[in-house]
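Biologist: Could you take me closely through one part of this model, namely how its second helix is packed against its neighbours, and then set that part against the nonpolar interior?

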Amino acid sequence: MANGNQTVILFSEQVVVLFSCALSFLGSSLIILTFILWSDLRTTPRKLLVFLSVSDWLSAVSYAYGVWSVFHTDSLDCIVQGAISTFANTSSFFWTVAIAIYLYVFIVRSSQRVADSLVLFFHLVSWGVPLAITVAAVSLSKIGYDASEVSVGWCWVRIGAPDRVLWMLLTGKIWEFLAYLTLPVLYILIKRHIHIAHAALSEYRPILGTRPQSNSFFSMADMKLTLIPIIFIVLRIWSTVRFILLLAGSPVRLNPVLVTLHGIGNTSQGTANCIMFIFLTQPIRTRLSTALCCCCKCGAEVEHSHDDPNRLLPGQDPSTLREEDSSRVPTDK
């Protein structure tokens with residue numbers, strides 16, 4: 001809904017987007033937590049996923065603050081929030097593509113050494129480029145109040161900047177477009193390579209014997225390779241649509257449904273990654289279930305021990321407990 005030059009963010013839109021931010025915050029936190037807790041999960045791809053989750057975590061927090069505040073001026077907290085979200089969002093694009101490149105080199109090129117050697121380069125690009133762009137944008141007073149024209153309450157490129165379209169491209173959109181092109185190509189090549197290898201392996205199945213568990217793993221990996229670029233595009237496309245509508249000068253970009261979808265899409269990357277790489281990953285899902293069951297069992301045992309009047313106190317002898325019980329038995333007089 002528009003009010004002059006400002007897009008009015010409805011309360012319902014705020015609630016939905018804040019809920020989406022909370023889920024992304026929890027999802028990113030869970031990915032980071034599982035990496036810290038279980039050392040055997042600290043493979044290089046999982047490390048790259050953690051770095052992506054750090055970016056998504058920052059995005060969720062900064063976007064939530066912006067949606068909650070719904071800025072109306074170029075205040076200091078608006079600029080700080082806009083700078084953090086710009087850095088985190090751009091970094092998320094780079095890390096998403098970095099993971100795809102790593103998997104491509106590792107699987108298709110069959111070179112773990114080359115893939116691992118790229119990690120330092122990924123750090124320099126995925127942290128360094130977004131930081132340089134953000135510092136330049138803040139220094140040139142390009143970050144600030146944008147009237148939610150291509151945002152949902154949070155701050156981004158100042159609406160009054162004469163070259164705002166250029167800075168919208170530099171602070172996010174151009175990297176978003178490149179990710180749209182790069183991710184599908186890389187994951188299609190990875191899927192094609194895996195399918196060829198799987199077909200070749202199937203020729204030896206009469207000798208090796210059937211392995212249903214291996215087939216199940218292959219199906220799940222194949223599904224993930226399909227979903228990763230699709231989910232990325234589905235989540236981000238609403239932001240791109242609003243940007244294109246802004247360039248066309250169309251008021252449709254202010255449609256509440258489109259604004260809500262934009263808010264959900266920009267803040268759901270952490271949730272999507274958590275679903276794919278935690279809940280749809282059987283070993284991690286099993287560990288989480290076991291840990292949860294153990295916590296519930298321990299809690300029940302502690303509660304039962306508090307309710308049991310015959311429990312032993314620390315250092316108490318069982319004979320003492322029997323004497324106390326016998327002294328409490330009523331005697332006939």
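**Helix 2 and its surroundings**

Modeller: In this predicted model, the axes of helix 1 and helix 2 come within 8 Å and cross at roughly 155 degrees. Because angles over 145 degrees count as roughly antiparallel, helix 1 is roughly antiparallel to helix 2. The crossing of these two helices is left-handed, and the residues that form their contact comprise 17 nonpolar, five polar and three charged ones.

One residue of helix 2 that can be examined individually is Val61. With a relative accessibility of 37%, Val61 counts as partly exposed, since that class lies between the 20% limit for buried and the 50% limit for exposed residues. The C-alpha atom of Val61 is 8.2 Å from that of Ala22, although 39 residues separate the two along the chain.

Helix 2 also packs against helix 10, at an angle of about 155 degrees and with the axes 9 Å apart. Helix 2 and helix 10 are therefore roughly antiparallel to each other, and their crossing, too, is left-handed. On the side of helix 2 the contact is made by Arg46, Leu49, Leu52 and Asp56, while helix 10 contributes Gln269, Gly270, Asn273, Phe277 and Ile278. By class, the residues of the contact between helix 2 and helix 10 divide into four nonpolar, three polar and two charged.

Turning to the interior, the largest nonpolar core has 35 residues, and those that touch the most other members are Leu48, Tyr102, Leu183 and Tyr187. At least two residues of this core come from each of helix 1 (11-37), helix 2 (44-69), helix 3 (76-108), helix 5 (119-139), helix 6 (164-202), helix 8 (212-248) and helix 10 (269-279). Helix 3 gives the most to this core, with ten residues. As for Leu183, if residues up to four places away in sequence are not counted, Leu183 touches Thr96, Val97, Ala100, Pro229 and Phe232. Apart from the largest core lies another, of ten residues, and Ile9, Val17, Ala64 and Val70 are among its members.

As general background, nonpolar side chains in soluble globular proteins tend to be buried together. To return to the part you asked about, helix 2 is in contact with helix 1 through residues that include 17 nonpolar ones, is in contact with helix 10 through residues that include four nonpolar ones, and is among the helices that each supply at least two residues of the largest core.

Key. Residues numbered from 1 in each chain as written. Predicted model: local features only at pLDDT ≥ 70, side-chain atom pairs only at ≥ 80, totals over all residues. Heavy atoms only, no water. Core = buried A, V, L, I, M, F, W, Y, C linked by side-chain atoms within 4.5 Å. Buried < 20%, exposed > 50% of the residue type's maximum accessible area, 1.4 Å probe, protein only. Helix = DSSP H or I, 4+ residues; strand = E, 2+ residues; numbered from the N terminus. Contact = heavy atoms within 4.5 Å. Axes fitted to C-alpha atoms, helices over the stretch in contact; angles between N-to-C directions. Parallel < 35°, antiparallel > 145°, perpendicular 65-115°, else oblique. Left-handed = near helix turned anticlockwise from the far one by under 90°. Nonpolar A, V, L, I, M, F, W, Y, C, P; charged D, E, K, R; others polar.
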